[in-house]
Amino acid sequence: MDVRRAATQEIRSGRLPFLGRCGALVPAQGDSPVSTVTTPFRVALRMLVAYVASTSPGRFAGFVALVVVEGLLGPLTIAASGLAVARAQPALAAGISSPQAAALGLAIGLAGLAFTAGQISSPIRSAVATSIGSMVAQRMRQQLLTATLGPPGLGHLEDPETAEEIRRAGEYEWADLAPLTRIVDELGTAMKSVVAAVGAGVLLAGFAWWAPLLLIAGASATHLWMGRDEHEIIEQHEEYADLQRRADYFRDLALDPPAAKEVRLFGLSGLLAERTRSYRTAFLAHVWRARRANLRPVLLTLATIALSTGGVLAGLAGATVAGRVNAAQLTVYIQALIAMQLVSHPLLATWWVRQGAAALPHLQGLADRTRQLSFAATGSISADEMPRKSIQFCGVGFGYPGQRRRVLNGVDLEIPAGSSLAIVGRNGEGKTTMLKLLARFYDPDVGSVRVDGVDLRDLDVASWRTQVAVIFQDFIRFELSAQENVGFGRVDAWTDPASARTAARRAGALDLIEGLPAGWDTVLSRHYRGGTDLSGGQWQRIALARALRAAEAGARLLVLDEPTAALDVRAEAMLFERFLELTTGTTTVLVTHRLSSVRHVDRIAVVQDGRISEYGSHDELMAAGGGYSEMFRLQARRFQQGRSDA
Ligand SMILES: Nc1ncnc2c1ncn2[C@@H]1O[C@H](COP(=O)(O)OP(=O)(O)OP(=O)(O)O)[C@@H](O)[C@H]1O
């Protein structure tokens with residue numbers, strides 16, 4: 001089951017709006033993030049800086065000011081220390097209380113002050129970077145949630161390209177290696193290094209104009225070679241990311257408790273271990289090959305640095321020997337030369353910048369795209385108290401986005417308000433699809449679904465969904481308390497114990513819940529302390545209780561998509577009977593494969609070849625002697641045989 005899709009269906013049903021604010025959908029197992037950072041560095045840098053700056057302009061301006069000041073403190077320390085060396089000799093000669101000694105003290109004090117300020121400003125910058133990084137992450141998270149949870153339909157989640165965009169847009173979140181706080185900090189360090197290097201360059205220009213230029217040329221060449229090569233390595237990562245994903249998938253299968261039974265039963269352990277190893281080795285082989293190819297630019301880089309630095313040092317030595325540079329100047333120039341090496345520091349930040357910017361191209365415009373793929377929630381008519389008369393499928397034709405085949409092709413069906421309907425048919429005939437149209441997760445391609453004569457498209461979608469309580473086959477099993485699992489049927493009053501109790505009793509789940517270790521407060525997952533796991537049938541009763549809680553809160557259309565498949569035949573029949581009794585007057589639509597369970601519904605619709613092939617009460621359909629009566633007799637015979645065999 002796709003956990004994300006199941007969760008989204010329930011959230012879309014309008015019952016859990018708060019998850020849009022504080023809940024995050026987790027990536028499916030096996031979708032582990034692999035670097036997709038192929039944006040050219042300059043573009044990535046521009047993108048990242050623009051995004052960070054626009055997230056909090058005031059704070060970012062303060063951050064930049066701090067970075068510039070911190071960057072200038074380095075050259076200031078160098079200049080002050082040079083001044084101190086220059087004044088040392090005259091001060092020694094003039095004595096401790098001379099003006100020369102005072103001037104020396106001033107120079108030393110200035111150097112000490114600049115150095116200390118540099119030490120203090122560094123942690124302050126990191127703290128500001130952390131706070132900006134958190135705000136950026138929060139903004140990205142919000143944008144992602146708006147893009148995924150905002151559209152009222154599901155089409156955007158099922159379009160493969162958009163699903164991939166969403167996955168990539170969310171990678172910043174799961175990339176533990178590169179949290180945004182660290183990325184912003186690295187960006188600040190890189191900016192500071194450039195400012196410090198420029199300041200040092202100005203000092204070194206006092207010796208010779210060409211000296212800083214030579215060092216900058218060396219650093220630029222280095223940047224160019226390394227940057228181009230790093231880009232290639234990252235592209236290789238991207239190209240072979242599938243191998244990594246496969247390796248992770250097989251590893252997760254080996255570790256995943258739900259898979260453990262079949263893995264052991266079919267003796268798959270060895271195969272899983274072998275596949276994990278071979279996919280991982282194949283992936284690493286490409287990475288190693290890329291790294292080996294990277295050796296050449298590393299050597300070229302080292303040679304360039306040695307040549308440019310050596311050239312400046314040789315010039316300095318010559319000038320010193322010739323008496324054109326004194327000791328104080330030499331101190332300043334050598335320190336400036338060392339500080340200028342910082343000019344290549346941003347090179348170290350390229351990886352971080354690319355990581356930080358990786359999600360941005362995918363995030364930008366994502367909300368527009370998902371909105372386009374979902375339908376436009378144009379309707380504004382309130383659905384309060386609907387349906388009062390009927391729900392109709394009028395000539396409905398529908399195919400899933402990106403699929404050529406139409407699942408439904410001319411469905412005509414009327415469900416009188418307050419009646420119960422069972423939709424039956426073979427696997428894959430489109431029963432669940434009809435329910436999805438009913439909940440307006442999609443719009444029909446042809447025809448319309450009408451409530452009291454009003455096209456669903458003209459109804460306010462949120463208001464319609466408060467009228468609908470659906471339990472799908474793949475309902476969510478919230479790893480939360482029993483109270484929450486049932487109470488979420490009415491999210492704005494989920495804590496109400498009396499209503500939850502009533503719903504649980506009606507669903508036959510009350511004894512089960514009250515027998516749990518901490519009763520209603522028990523977390524329904526053994527992954528949590530004091531939590532417990534439920535069987536498939538027990539979970540279905542909980543889900544049913546949630547739907548009944550919604551019905552009690554005013555939902556007027558109850559839709560159950562095989563919610564009792566994990567119960568035995570007798571339990572299902574009893575539950576359906578009781579359910580129909582309890583929901584008398586509520587419009588109820590059931591999907592089930594067990595025809596014995598639907599004898600008591602008012603009407604039965606058989607779906608076949610994309611349309612309704614039979615429609616009527618159980619007795620009418622049996623009397624008609626069509627496909628339904630044939631299926632019913634077959635199932636009854638099997639059941640009888642099973643009982644007599646037993
Ligand atoms: N999200 C989807 N994207 C593409 N095709 C889909 C999607 N969901 C279902 N289908 C296809 O639509 C068809 C009808 O599916 P649906 O789930 O409505 O059938 P069903 O009658 O409920 O089946 P079952 O009895 O097995 O639950 C199937 O062929 C299925 O593969």
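**Exercise 1. The six-stranded sheet**

Task: In this predicted model, give the order of the strands in the open sheet of six strands, and state how they pair.

Solution.
Step 1. Reading across the open sheet, the six strands come in the order β6-β7-β8-β3-β9-β10, and their pairing is mixed.
Step 2. β6 (468-471) and β10 are the edge strands, each pairing on one side only.
Step 3. From one strand to the next, the twist averages 15 degrees.
Step 4. The mixed pairing can be followed at both edges. β6 and β7 are parallel and are joined over four bridges, while β9 and β10 are antiparallel and are joined over five bridges.
Step 5. Single residue pairs can then be located. V468 lies opposite L557 in β7, and V607 has I612 in β10 as its bridge partner.

**Exercise 2. Side chains of β6 and the helix across it**

Task: Determine which residues of β6 point one way and which the other way, and name the helix that lies across β6 and β7.

Solution.
Step 1. Side chains in a regular strand alternate between the two faces of the sheet.
Step 2. In β6, V468 and V470 point one way, and A469 and I471 point the other way.
Step 3. All of these residues are buried; the cut-off for that is 20 or more other C-beta atoms within 10 Å.
Step 4. Helix α24 (residues 536-552) lies across β6 and β7 (557-561), and the helix runs at about 175 degrees to β6.

**Exercise 3. The four-stranded sheet**

Task: Give the strand order of the open sheet of four strands, and say which strands are at its edges.

Solution.
Step 1. The order is β2-β1-β4-β5, with antiparallel pairing.
Step 2. The edges are β2 (408-416) and β5 (454-455), which each pair on one side only.
Step 3. β4 (residues 446-451) and β5 run antiparallel and are joined by two bridges.
Step 4. Across these strands, V451 stands opposite V454 in β5.

**Exercise 4. Backbone features in loops**

Task: Locate the cis peptide bond and the loop that holds P387, then examine the positive phi values of E385 and D609.

Solution.
Step 1. The peptide bond from M386 to P387 is cis, and its omega is near 0 degrees.
Step 2. P387 belongs to the loop between α18 (366-373) and β1 (390-398).
Step 3. E385 is also placed in the loop between α18 and β1. Its phi is near 70 degrees, a positive value in a residue other than glycine.
Step 4. E385 counts as exposed because it has 11 C-beta neighbours inside 10 Å, and the cut-off for exposed is 12 or fewer.
Step 5. D609 sits in the loop between β9 (603-608) and β10 (611-616). Phi of D609 is near 50 degrees, again a positive value in a residue other than glycine.
Step 6. D609 has 12 other C-beta atoms within 10 Å, so D609 is exposed.

**Exercise 5. The shell around the ligand**

Task: Which residues are around the ligand, and which helix gives the most to this shell?

Solution.
Step 1. The residues around the ligand are E158, Y400, Q403, V407, G425, N427, G428, E429, G430, K431, T432 and T433.
Step 2. By class, two are nonpolar, seven are polar and three are charged.
Step 3. Helix α19 (residues 431-438) gives the most to the shell, with three residues.

**Exercise 6. A helix residue and the annotated segments**

Task: Is L271 buried or partly exposed, and how do residues 60-85 and 92-115 look in the model?

Solution.
Step 1. L271 is in helix α13 (residues 269-293).
Step 2. L271 has 14 other C-beta atoms within 10 Å and is therefore partly exposed.
Step 3. F250 is 21 residues from L271 in sequence, with a C-alpha to C-alpha distance of 9.1 Å.
Step 4. An unreviewed UniProt entry annotates residues 60-85, 92-115, 194-218, 298-320 and 332-353 as "transmembrane region".
Step 5. In the model, residues 60-85 are 100% helix and 0% strand, with end C-alpha atoms 38 Å apart.
Step 6. Residues 92-115 are 83% helix and 0% strand, and their end C-alpha atoms are 24 Å apart.

**Exercise 7. The whole protein**

Task: How many helices and strands does the protein have, and what percentage of its residues is buried?

Solution.
Step 1. The secondary structure comprises 27 helices and ten strands.
Step 2. Of the 646 residues, 39% are buried.
Step 3. Among contacts with a separation of 6 or more, 78% are between residues 24 or more positions apart.

Methods
Residues numbered from 1 in each chain as written. Predicted model: local features only at pLDDT ≥ 70, side-chain atom pairs only at ≥ 80, totals over all residues. Near = placed C-beta within 6 Å. Nonpolar A, V, L, I, M, F, W, Y, C, P; charged D, E, K, R; others polar. Contact = placed C-beta atoms within 7 Å. UniProt positions renumbered as here; feature names shortened; annotations may be inferred. Pairing = 2+ DSSP bridges. Axes fitted to C-alpha atoms, helices over the stretch in contact; angles between N-to-C directions.
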